[in-house]
Amino acid sequence: MNRRYFLRSSGLALAAFGCGPIGAPGFLRRALAESPSPGRSGKVLVTLFLRGAADGLSLVAPTFESRYAALRPNLALKRAGQDGGVLPLEGGFGLHPALAALHPLYRDGSLAIVHAVGSPNPTRSHFDAQDFLESGTPGVKSTRDGWMNRALSASPGEPSAFRAVAFAPTLPRSLAGAAPAVALSSLSDFDLGAGPAGAGASASFESLYGGAVDAALKNAGTETFEALRTLRGKGIPSLPVANGAEYPASPLGRRLRGIAQLVRGDVGLEAAFTDASGWDTHAGQGAAQGQLANRLLDLGNALAAFAKDLGPRLADVCVVVMTEFGRTVRENGTRGTDHGHGSVLFVLGGSVAGGRVHGKWPGLSDADLFEGRDLAVTTDLRDVLAEVLARHLRISSPRIFPGHTAVRTGILS
Amino acid sequence: MRIRPGLQLSALLIVFGAGCSAQPHGAARRELLAPRAAIVLPPLSGESERDRARHALDRLAFGPRPRDVETVAKEGVARWITRQLDPRSIADDTAEKGLSLLPTLSLPTSALYERYPDPRAVAAKAGLAKAGLTLKDPDGKEQVRSPERAEPQPQVRALVNPGELPRQILKELVAQKVYRAVVSERQLEEVLVDFWFNHFNVFAGKGDVRWLLTSYERDAIRPHVLGKFRDLLEATAAHPAMLFYLDNWTSTKDGLRRGGRTLGPNENYARELLELHTMGVDGGYTQNDVREVARCFTGWSFVRERRGRGPRGGEIGTFVFREAAHDRGEKTVLGTVIPAGGGIEDARRVLDLLAARPETARFLATKLCRRFLADDPPGAAVARVAEAFRRSGGDLSVTLRALVTSPEMWSDAARGAKTKTPFELAISATRALGASVSPYNAIPSWIEKMGAPLYGCQPPTGFADTASAWVNAGGLLARLNFGLALAGGRIAGVKADPGALAGTNGDALERLSRALLATPPSQATRDALAGSGEAREPDAVLIAGLLLGSPEFQRR
């Protein structure tokens, strides 16, 4: 794979003469950093993984189902219009009141919901289900790479050190594979050396790696120093929040803010990944308020701030919020829920067919439940992902979800 | 029942402790252990014994410490390797002293369950769950990959001493891995434990594995890395950590009724046994073989706590064969009929079959050659190593001898051909500086930043052993920062003194380059480093940091 394009090479040539983009004359610097590359779509996919199995029946509650309240005496949310009730959605569904910040986005058509979504694999192990969802190959454990990486590998894309970024301590399975991807905890941590030695070390390392005999190390060095230069040169880490958006002071808030900085900084971001935990509510789950509501407040506020921060750029960004599986329809003996099957997902931004609850509702009668206890899966999560890839990023390849023939869901127009 | 290493060690100390302190690897101990034939290496061809010593330390150890190259060259590389192949002949006092500060390492699994209980269970016993209070799992059960480690809430915190949370077990296990790799004299053994653990990978973040992992490495992996592969294979197959990680403990014959639920076989372990542990993905087995192997393994389980009702059928955390769950019918695996009624022996027959397959010899030889020779190892070497494995009945010591005496091991092409994994990079840098380390240090968090959290590889494939997996922008930046932090004394629990390596008079760069990279600096390196100190000359700390982050140091 040769990803050395003209733009990059010219940047390197300049760097080799001691006048990289930072030290280059203004017009050249602008040309290098800002010229829209031919064919760059500027489209970005963001996946947000809710690790721990979020309770889809609370996020988007089927309050129209007569059995819903009966099966969940302590957890069921009240109908829309009542005190602490859900916010009305299509078809009688209700949005959890703690997700109120997302309701305007749903109403203006930027947010769509798919219910009863999940994996064809019946596992109730977090470990396996997360793994299957990230590898994109349910039931096949030996897959080494992730579906997002395979998608990027299937499309040459534009050279950028920030084409694929995970805001996570290590590269998640979704982004593992042949296409280069960066994992970082925060943009301000993506820097070299502490103290005044850092800048000098950076120049020395760059010239050491410029002369590296090993091609892979040389390329990685080039990518690293390009990334550093991009971040520093464009002042990405200090890019202020736009449009008066207010992110929650939580890990998720900080991560989504970082992704927005990369989008607004035009660094060539095409795929971003992040995750949030705390959804495994076996005990004391709560209803309109409580443990789960607190997590949802963070989720809703962070996503709403992200949308506000991006402003009109949200049309270029498609966020998919998903979880590994849902939770039991009946509440358990500790006012919580156990591991289930079908759950819910959100798609925000892009050309989403928003303001709708997509998918076929399987129902909550005993006969409708999966293995007599869980919400059935009527939409394969891979169908949504494949559609987002094909319609938003314009990437499709049978290699991304091997052995799976995607069915159109209509989630993107 | 195997004797735990802790016990073995104390037994040895009782026998040899008194008289042998001056010569801990003295005659008495050597006689007790079977003598091993000295290995013979191909003759030198142009390189010096020093060059070979350096290469041997890069490949069969976690890199040289200051003066190691001279010491090994003086002893003779062949003699040094012969000793490394017999680790118990090597005294290892420093490592043992440090490890004695980590009490969980020698505890049986049942004691770990008892002394480091699940805080949720403790809270439930105290009635907190019934009171409807919110409980978080401070260890992030099954969610180790989650970004924010949940902290115990006050109610739970009051019940459980932080030092007695289950995560303490993993903390000590991680500490011992790093500490041993840095200070142990039995370097080849540590390299092999790392290799075979990764081959039979289990993930610390999956449920009960955190209580089972200590015993897994200590009792199932470590004792067998230079023994028979068949023994290693069964030790992992029967270990609760593997039984839990790949779900075999819940696997039963089809249609077994338990508590109103209908159970059946689980193919998880069976598939990985064939694909990852023995024959390899292209080994030629079928889905039918997977199903039949799974049937053979039904009933292989372990004793587990059951929601406050105590363990069933033996000591908690130990293997148990559940006769009632076993499929007693006839099976056919790889064309071999396993007659009905074999019970626990069915699975052993499967392990016998798999360990003896030529595909297994070839698959394991390829992986070993990939670790010790090159990402894409020479076919002749793989064939020779596979043949040694096959002819010796899967003797891993014999297999390794074939590998280390092969001409490919000592060819020019092999030198510097491998990119260090994050673990190898961190350990080799620490050793190269001659740093002194405490058993608890911050090196593991740096290894995690480089992308390879210790015991934290979730898929059963283990971490990749090829350059492409490790060479990327984010990981590289972590490597560069690690080198700077290590040389600058900014890693807790690690003391390094690059100034001492550089000396006070003369050319600091010259000396540090020879010490860390085994070569004088090129003009390009001189030029590259000249600019780093701004106006003044870069000091030893910065030079050392830059050299540890240099492309050359990323290779071995």
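How many residue pairs are in polar contact between chain A and chain B, with both at pLDDT 80 or more? The count is five. Keep in mind throughout that this is a predicted model.

**View 1. Here is where chain A and chain B meet, with 50 residues from chain A and 50 residues from chain B taking part in the contact.** Put together, the two chains bury about 4400 Å² between them, and 62% of that is on carbon and sulfur atoms. Three residues are worth picking out on the chain A side: A:Phe127, A:Lys141 and A:Leu208 supply 16% of the area that chain A buries against chain B, more than any other three residues.

**View 2. The polar side of the contact comes down to five residue pairs in polar contact between chain A and chain B, both at pLDDT 80 or more.** On the chain A side, the elements that each supply at least two residues include helices α6 (126–135), α8 (197–210), α10 (251–264) and α11 (291–310). Strands β7 (182–184) and β8 (271–277) of chain A also each give at least two. The largest share, though, belongs to α9(A), with eight residues of the side that touches chain B. Sorted by type, the residues on this side of chain A divide into 20 nonpolar, 16 polar and 14 charged.

**View 3. Zoom in on A:Asp214 and B:Arg555, whose side chains meet in a salt bridge.** The N to O distance is 3.1 Å. Between chain A and chain B the count is one salt bridge, while over all chains it comes to 58. B:Arg555 sits in the segment after α28 (540–549) of chain B, and its partner A:Asp214 is in the loop between α8 and α9 of chain A.

**View 4. Now for a little open sheet in chain A, three strands in the order β2-β4-β3 with antiparallel pairing.** At the edges are β2 (60–61) and β3 (87–88) of chain A, each pairing on one side only. Strand β4 (residues 94–95) is joined to β2(A) by two bridges, and these strands run antiparallel. Look across from A:Val60 and you'll find A:Leu95 in β4(A) standing opposite.

**View 5. Chain B, split up by its domain assignment, gives four stretches to look for: domain 1 (117–165), domain 2 (246–356), domain 3 (358–414) and domain 4 (422–554).** For a sense of spacing, take domain 2 and domain 4 of chain B: their C-alpha centres lie 46 Å apart.

Notes: Residues are numbered from 1 along each chain as its sequence is written. Chains are lettered from A and ligands numbered from 1 in the order in which they are written. This is a predicted model: local features need pLDDT of at least 70, side-chain atom pairs count only at pLDDT 80 or more; totals for chains, interfaces and linings use all residues. Side-chain values use heavy atoms; hydrogens and water are left out. Contact means heavy atoms within 4.5 Å. Buried area is the accessible area (1.4 Å probe) that two parts lose on being put together, summed over both. A salt bridge is a side-chain nitrogen of Lys or Arg within 4 Å of a carboxyl oxygen of Asp or Glu. A polar contact is a pair of N or O atoms within 3.5 Å; within protein, one must be able to donate a hydrogen and the other to accept it, and residues adjacent in sequence count only if both atoms are side-chain atoms. Helices (H or I, at least four residues) and strands (E, at least two) are DSSP runs, numbered from the N terminus. Ala, Val, Leu, Ile, Met, Phe, Trp, Tyr, Cys and Pro count as nonpolar, Asp, Glu, Lys and Arg as charged, and the others, Gly among them, as polar. Two strands pair if DSSP finds at least two bridges between them. Domain bounds come from an automatic or database domain assignment.
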